[in-house]
Structures are given as C-alpha cells and as structure tokens.
Amino acid sequence: MKIGELSRRSGVSQRRLRYYEQQGLLTSERAPSGYRYYREEAVTVVAQIRNLLAAGLNTEMIRTVLPCARGELPVLEPCPNLVATLRTQLAAIDDRLTCLQQTRTALATYLVATER
C-alpha cells in the first residue's frame, strides 16, 4: 500500500509515517518512481508504535522494544534487553515524578506563605 493508504488506515499523518521510517521504526520498499510501498503488517506496526509512545517510550527505546511486540496493544514477548529497557524508562519516570512532587511541595509552601 502507498503512504496515503497507510495514513488513512492508521490515522497517522504521512509526515509522521516518514518520521517513523527515518527513525528506523517502520520500513517501506521504494518503487522506481520513488513512491513508498508498505506491507499489510505496517498498519499493526504503526499501532504498536503509537501505543508504545503513549506508554512514555521514546523512539530510540521503541526501536529496541518493537521486535518484541505482538499485536496492536502490543503484548511484549521476552526479548534480550527488553526488561532492562523498560526498567530504565520506568526509573526515569519515577525520577521525574519525584522531581515534580518536590516542585509541587515548594510551590504549595510559597502559596501558603503568600496567603497568610
């Protein structure tokens, strides 16, 4: 299928599809005319990418995780480095949450002091 059809079926813009391809997340074959052609499973791969992005993974991590993905949700099957990659991302999120909590506490303290 051409990129326009993949865009329509996946609900993802053509520009974003080209970005996924540039990041090594999606592959296409090129016709002599230069048109991109995608296999049928590209629709599922795009859904996997979108769901993994929604889970907070960046494209570099998705490149590592994607070979382990099965189905649109996706379900992740055990692969080398998968657990380490997910633990790294979870730790980074925990660090950001800690930082946000500290920032919130500081701001709330200023607000209480200001309202007195």
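Analyst: A helix here is a DSSP run of H or I with at least four residues, numbered from the N terminus. In this predicted model, α2 spans residues 14–22, and Gly24, just after α2, takes a positive phi of about 80 degrees. Likewise, Gly11 just after α1 has a positive phi, of about 75 degrees.

User: What makes the phi of Asn81 worth noting?

Analyst: Most residues other than glycine have a negative phi. Asn81 is not a glycine, yet its phi is near 70 degrees, a positive value. The residue sits in the loop between β4 and α5 (82–115).

User: Is Asn81 called buried or exposed, and why?

Analyst: The relative accessible area of Asn81 is 55%, and the cut-off for exposed is over 50%, so Asn81 counts as exposed.

User: What makes the peptide bond from Leu73 to Pro74 stand out?

Analyst: Most peptide bonds are trans. The bond from Leu73 to Pro74, by contrast, is cis, with omega near -15 degrees, and Pro74 lies in the loop between β3 (69–70) and β4 (75–76).

User: Why is Gln48 called buried?

Analyst: Buried means under 20% relative accessible area, and the 5% of Gln48 falls under that limit, so the residue counts as buried. Gln48 belongs to helix α3, and, leaving aside its neighbours within four places in sequence, it is in contact with Leu66, Ala69, Arg70, Gly71, Glu72 and Pro74. Pro74, the residue that follows the cis bond, is thus among the contacts of Gln48.

User: Why is Leu107 called exposed, and where is this residue?

Analyst: Its relative accessibility is 59%, whereas the exposed class requires over 50%, so Leu107 counts as exposed. The residue is in helix α5, and its C-alpha lies 36 Å from that of Val83, 24 residues away in sequence.

User: How do you know on how many sides of α1 its buried residues lie?

Analyst: The buried residues in α1 (residues 3–10) are Ile3, Leu6 and Ser7. They cover an arc of only 100 degrees around the axis, which puts them on the same side of α1. An α-helix has 3.6 residues a turn, so residues three or four places apart point the same way. The buried residues of α1 pack against α2, β2 (36–37) and α3 (42–54).

User: What is the corresponding arrangement in α2?

Analyst: In α2 the buried residues are Leu17, Tyr20 and Glu21. Seen down the helix axis, they fall within an arc of 100 degrees, so they line one face of α2. The face turned away from that buried side carries the exposed residues Arg15 and Gln22, while the buried residues pack against α1, β2 and α3.

User: What makes the link between Ser28 and Glu21 a polar contact?

Analyst: The limit for a pair of N or O atoms is 3.5 Å, and the side chains of Ser28 and Glu21 are joined at 2.6 Å, within that limit. Ser28 is in the loop between α2 and β1 (29–30). Not counting residues up to four places away in sequence, Ser28 touches Glu21, Arg36, Tyr37 and Tyr38.

User: What makes up the lining of the largest pocket?

Analyst: The lining divides into 6 nonpolar, 2 polar and 3 charged residues. Among the lining residues are Ser28, Tyr37 and Tyr38, and the volume of this pocket is about 180 Å³. Tyr counts as nonpolar under the classification used, so Tyr37 and Tyr38 belong to the nonpolar group.

Terms used: Residues are numbered from 1 along each chain as its sequence is written. Side-chain values use heavy atoms; hydrogens and water are left out. Helices (H or I, at least four residues) and strands (E, at least two) are DSSP runs, numbered from the N terminus. Buried means under 20% relative accessible area, exposed over 50%, partly exposed in between (1.4 Å probe, protein chains only). On a 1 Å grid over the protein atoms alone, a cavity is a set of points where a 1.4 Å probe fits but cannot get out, and a pocket is an open set with protein on both sides within 12 Å along at least five of seven lines; lining residues have an atom within 4 Å of a point. Grid points are joined across faces, edges and corners, and a volume is the space filled by probe spheres set on the points. The arc is that of the directions from the helix axis to the C-beta atoms. Contact means heavy atoms within 4.5 Å. A polar contact is a pair of N or O atoms within 3.5 Å; within protein, one must be able to donate a hydrogen and the other to accept it, and residues adjacent in sequence count only if both atoms are side-chain atoms.
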